[in-house]
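The following exercises are to be worked with the sequence and the model in view. Each task is followed by a solution in steps.

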Amino acid sequence: MTRFAPLSAIAATGLVLCLTAGPLAAQSVQFNTGHLDMLDSDGTGDVSLGEFNAFSDYAYDQIDADNDGAVSPSEYGVHMPAAGFGGIDTDGDGSISHTEFTMQMTADFAAADADGNGLLD
Ligand SMILES: [Ca+2]
Ligand SMILES: [Ca+2]
Ligand SMILES: [Ca+2]
Ligand SMILES: [Ca+2]
């Protein structure tokens with residue numbers, strides 16, 4: 001995802017940490033203007049689900065350090081508190097698939113879109 005090239009892996013994973021740090025409660029999802037600017041790839045001043053999903057894919061690639069298509073607990077633990085792993089590994093197979101990660105990120109998007117207009121604004 002070269003469109004996010006200016007966003008370092010550290011920044012990306014830090015943002016994921018921000019998004020997934022807590023249970024799926026709205027108060028656990030906190031965006032600030034800097035985050036929105038990073039995700040707003042088309043410069044409209046808000047973040048659509050499409051932009052968010054593009055970022056999600058990018059972030060997954062960063063976290064999956066060995067690029068085997070699965071995030072292991074150790075890969076996850078590099079960036080985020082290990083306690084959150086089980087909540088994202090919904091099928092309990094010991095790794096976070098891209099699908100599981102996207103489901104978590106989509107839920108986070110919905111939680112953060114408090115007014116339900118489909119944009120983080
Ligand atoms: Ca936008
Ligand atoms: Ca991996
Ligand atoms: Ca899994
Ligand atoms: Ca909104």
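Helices (H or I, at least four residues) and strands (E, at least two) are DSSP runs, numbered from the N terminus. The model is predicted: local features need pLDDT of at least 70, side-chain atom pairs count only at pLDDT 80 or more, and totals for chains, interfaces and linings use all residues. Residues are numbered from 1 along each chain as its sequence is written, and chains are lettered from A and ligands numbered from 1 in the order in which they are written.

**Exercise 1.** State in which strand Ile96 is placed, and determine whether Ile96 is buried or exposed.

*Solution.* Step 1: Ile96 belongs to strand β3, which covers residues 96–97. Step 2: a residue is buried if 20 or more other C-beta atoms, placed from the backbone, lie within 10 Å of its own, exposed if 12 or fewer, and partly exposed in between. Step 3: Ile96 has 27 other C-beta atoms within 10 Å and is therefore buried.

**Exercise 2.** Which residues does Ile96 touch, leaving aside those up to four places away in sequence?

*Solution.* Step 1: two residues are in contact if their C-beta atoms, placed from the backbone, lie within 7 Å. Step 2: the partners of Ile96 are Ala70, Val71, Tyr76, Ile88, Asp89 and Phe101.

**Exercise 3.** Compare the expected span of α3 with the distance between its end C-alpha atoms.

*Solution.* Step 1: the expected span of a helix is 1.5 Å times one less than its number of residues. Step 2: α3 has 15 residues, so a span of 21 Å is expected. Step 3: the end C-alpha atoms of α3 lie 20 Å apart, which agrees.

**Exercise 4.** Which elements give two or more residues to the largest nonpolar core?

*Solution.* Step 1: a nonpolar core is a set of buried Ala, Val, Leu, Ile, Met, Phe, Trp, Tyr and Cys residues joined through C-beta atoms within 7 Å. Step 2: the largest such core has 17 residues, of which Phe52, Phe55, Ala59, Ile63, Val71, Tyr76 and Phe101 touch the most other members. Step 3: the elements sought are α3 (49–63) and α6 (98–112). Step 4: α3 contributes the most, with 6 residues.

**Exercise 5.** What is the mean pLDDT of the chain, and where does pLDDT stay under 50?

*Solution.* Step 1: pLDDT is the predictor's confidence in each residue, from 0 to 100. Step 2: the chain has a mean of 80, and 72% of its residues reach 70 or more. Step 3: pLDDT is below 50 over residues 1–7 and stays under 50 over residues 21–30.
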